[in-house]
Amino acid sequence: MLTGIEEVDWASLGHAYGPADDVPELLRGLASADPAERETALDGMYGAVHHQGDVYDSTLACIPFLLELVADPGVQDRGCIVELLTSIGGIELDDDEELDELGSDDEEFIPAANYAMAAAAIAAGADVFLGLVSDPDPEVRLAAPCALASLHPQPARVLSLLRERLTVERDTEVRLALVAAVGRIALRHASLRAETVDWLDWLARAAQDPGLRLAALAQRARCAPGDIPDDVVPWVTGLLEEIRTSANRAASPGGERAATPTLIGQVRELLEEHAAGRPAPWTEELLRTLHAALDDRVDDRIALILAQLRSPDWGQRSDAIWLCGGLIRIWRGRYEEVVRLVGAQLQDPEPRLREAATSFLERLFELGAPAADALATRLAAGPGVAGAGSAGPTGSAHDTGQSPFVGRSGRDGALLALARAGDPRAVPLLARALEEAEVRRELLYAMDGLGPSAVMLAPLLRRRLAEVEFDERLYDRAAPLLYALAAVRGAQALPEVLRMLREAPANRRDWVREAALRTLTAFGPAAREAVPDMRRLLAADSASVATAAARALWAAEGDRGDVLPALERWLRPGTPGADWCAAAQALGEIGPAAATAATALRPGLVSRDLWVRVRSAAALWRVSGEAPASLPVLLAAWEENRHARVDIAECLAEMGPAASEAQLVVLTELTRRRRHNAREGASGSHDIHLDEKLLTLCRAALARMERGAF
C-alpha cells in the first residue's frame, strides 16, 4: 500500500501552510485502523492539502495514492476519501480560455492549471469508482455516484450504470444519491439531458418508494426548471405525507464514532444532532433542490412551505422554516400566513424546532407582526414553565420541566423578534432584560421601532450607561446604550452622555464622541447644556465627529451661524468621500435653512464616488429644492448601485411631484419580485427590513407623484 510514497520529494512541494513534508503521515493516517487517526488525517487533508478547495502541487502528488486507498477494500472510511477526490477533481473553471489567457509566467497560472491537471489525473483513474457502486460499505456506495457523475470521462456509460444499480440498491440514502448523480450528469451533458428528464419523469410517477419519487421529481425540476408541472405542490405534499406515514429510516451508514478535536468531527456531530429523531432527514436536501428549481415561482414555494408547516412531523416543519428563510430573504411575497404558522412553532416541545422558529423571526422586523401574539405568549410564560410534550430524542430541556426559553439565547431571540416587529409588549420585557448583568446588543438597537411606549426604559438605560467603564470595551458597551437612549429620547441621561463625550480615552475616542453626539442630536433643545462641547468639537480633525457636532448643535439651538461654515469646510476639493458624505447628509437634515451651502454641494454631483453624488444630490434638493439638478443624478445612481436605492427613494418621496420623471423607475421597483439587495449565498440581519423600507418609500413616493399629477 502507498507504494512509492517515499520516492516523492514532499519537502519540495507545498500546501496551505508551507512545505508538504507532513503529507506522507496524513496519507498513512487515512489508512489507519484507528478511527480517530483516520479522521484527524482527513481533517489535515482538507485543512492543508486541499485548503478551502485549493489544489497545490502536493495535492496533485497525492492523487495516485488516494486512488490506491480507494481501491483497497481493506481501508476503512473509503467513502470519505472518495468525497475528497470528488472535491479535488470536481472544480470546474468557467471556460477553457481562462488557462489560455494566463501566461506561463503569470503568478495565477500554476493554481489555475492545477485544477485542470487534478481533474485530468482523477479522470484517468476514475474507473476505480465504477466498482464502488456495489461495494459492501454503504458509505462508499453513498459517495461513489457523485464521484462518477463529476469525474468519469464517459458520462453515458456512467448513466447506464447508475440507472441499472438503482434496480438492486436497497439503502434509501444511497438510492437518493444515485438519482442525484443522474441529475448531475444531465445538467453537465446537454446531449443526455432530454432522455434523462424523461426517465426522471417516469421514475417520479412509477417508483414504489415515495422518497425515490420525490428525489426523481426534484432532479427533474432541477434539469428542466421551465417544465415543472403545475400540480407540483399537491404532488410534493402528497409524497411528503407518504414518507411521513411509511418511513422507517434505515440505520445510518457506519456506527457512532468517538469524538475527535477536528473541524470534520465537529461538523459530523452537528449533522448527527440535526438528524437525530427524524425518520427521513434526507427530505430536507430534496426539498432544497426543488425550491432552487422553482426559483421565482414564489406562490408555489409559499404553498409548499405552508403545507409543510401544517405537517404533524416536526422535522418537516423545521425544514419548512429553514427553506422559508432562504425564500423570504431573496423574494418578495405575501408571507403573513407563513409567519403566523412559524410563530405557532414556539409552543412546540421540540427545542430544535423552537430554535429554528426564533432564528427565522429575528430577521423579519415589521414582517414578523403576524407572529407577535405567539412571541408575546411564549415570553410571558417565563422561566420554569414546562413545555407541553414528552422528552425529545436528545433529552432536551422540555423533559425536565424547564421552560423552552430558560436559556438566554432563546428568550433574547424571541424578545428581539418582538421588539423588531414594533410591538409595545416588548417594552416591559426589555426592562427586565436591562436589569440583568449582560444585555444582548441587538436588543438595544431594536428600541427605535417601539415608539413612545419605550420612554419608560430611559432610567434603566441611563443607569447602565453610568456603569460603563472606560476600558478597552468602552465603545462596544457604550454605543448600543447611546443608540437606545437616542431612540427613546432619554434626555434625563444628559449627564451620563456628557461623561462619554468629555472623558472618553484616546482609544476609539472619535467613535465614542460621534455616538454621544448622535444621542445629543436626538435630545434636541434638551441638550443645551452640551452646547459648549458641541461648539468645541466643530473644529475636530475627524469629519465624523465635526459633522455630528454640527448636527447636534443645530438640533439644540437652531442657529446656523457656526454650523454651516463647519460643515462646508468638508466640501472642498480633495476631501475624502466619506467625509464629504457626512457633511452633505448633515446639510440635508438642516434643510432650507442651509440654502447658502448649495454652491458648495454642486461639485459633488459630478464626483467619481457614487455615494458622494447621491448624498450631494439629496442634500441639494433638501436645501434648495433644485430638482432639475438633483433628480438626474439620483436616477443614474439608482441604476448604477442597487444598494443606494433606499436613500434615493427617501429623497424621491420627499420630492413628490418634482420627481414625476422617476415614476416609471419607482413603478418598476414595486413590480419586481426579487428583493433589491438579495445576494445568493450571503445575507445580512437587516436585508429584509431594508428592502421592505424601500417598498414603503416607493409607495409613498408614487402616491405623492400621482397626487401632484391632478
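This report describes a charged surface patch, two residues with positive phi and an aromatic pair in a predicted model.

**Surface patch**

Five acidic residues, D21, D22, E25, D34 and E37, together form a negative patch on the surface. One of them, E25, belongs to helix 1, which spans residues 23-30. The relative accessibility of E25 is 61%, so this residue counts as exposed, the cut-off for that class being over 50%.

**Residues with positive phi**

F365 is not a glycine, yet its phi is positive, at about 55°. R489, likewise not a glycine, has a positive phi of about 55°. F365 sits in the loop that joins helix 18 (351-362) to helix 19 (372-381), and R489 is found in the loop between helix 24 (474-487) and helix 25 (494-503). With a relative accessible area of 9%, F365 is buried, whereas R489 is exposed, at 52%.

**Aromatic pair**

A pair of aromatic rings is described by the distance of the centres and the angle of the planes. The structure contains three aromatic pairs. In one of them, the ring centres of Y475 and W511 lie 5.3 Å apart with the planes at 65°, so the pair is edge-to-face. This contact links distant parts of the chain, since Y475 is in helix 24 and W511 is in helix 26 (residues 509-523), 36 residues apart. Both partners are partly exposed, as the table shows.

| Residue | Relative accessible area | Class |
|---|---|---|
| E25 | 61% | exposed |
| F365 | 9% | buried |
| R489 | 52% | exposed |
| Y475 | 23% | partly exposed |
| W511 | 47% | partly exposed |

Technical notes:
Residues are numbered from 1 along each chain as its sequence is written. This is a predicted model: local features need pLDDT of at least 70, side-chain atom pairs count only at pLDDT 80 or more; totals for chains, interfaces and linings use all residues. Side-chain values use heavy atoms; hydrogens and water are left out. Patches are made of residues with over 30% relative accessible area and no salt bridge: like charges are joined within 9 Å, nonpolar side chains (Val, Leu, Ile, Met, Phe, Trp, Tyr) within 5 Å. Accessible areas come from the Shrake-Rupley method with a 1.4 Å probe; for residues, only the protein chains shown count as cover. A salt bridge is a side-chain nitrogen of Lys or Arg within 4 Å of a carboxyl oxygen of Asp or Glu. Lys and Arg count as positive and Asp and Glu as negative; His and the chain ends are not counted. The place of a charge is taken as NZ of Lys, CZ of Arg, CG of Asp or CD of Glu. Helices (H or I, at least four residues) and strands (E, at least two) are DSSP runs, numbered from the N terminus. Buried means under 20% relative accessible area, exposed over 50%, partly exposed in between (1.4 Å probe, protein chains only). Rings of Phe, Tyr and Trp (its six-membered ring) pair if their centres lie within 6.5 Å; planes under 30 degrees apart count as stacked, over 60 as edge-to-face and the rest as tilted.
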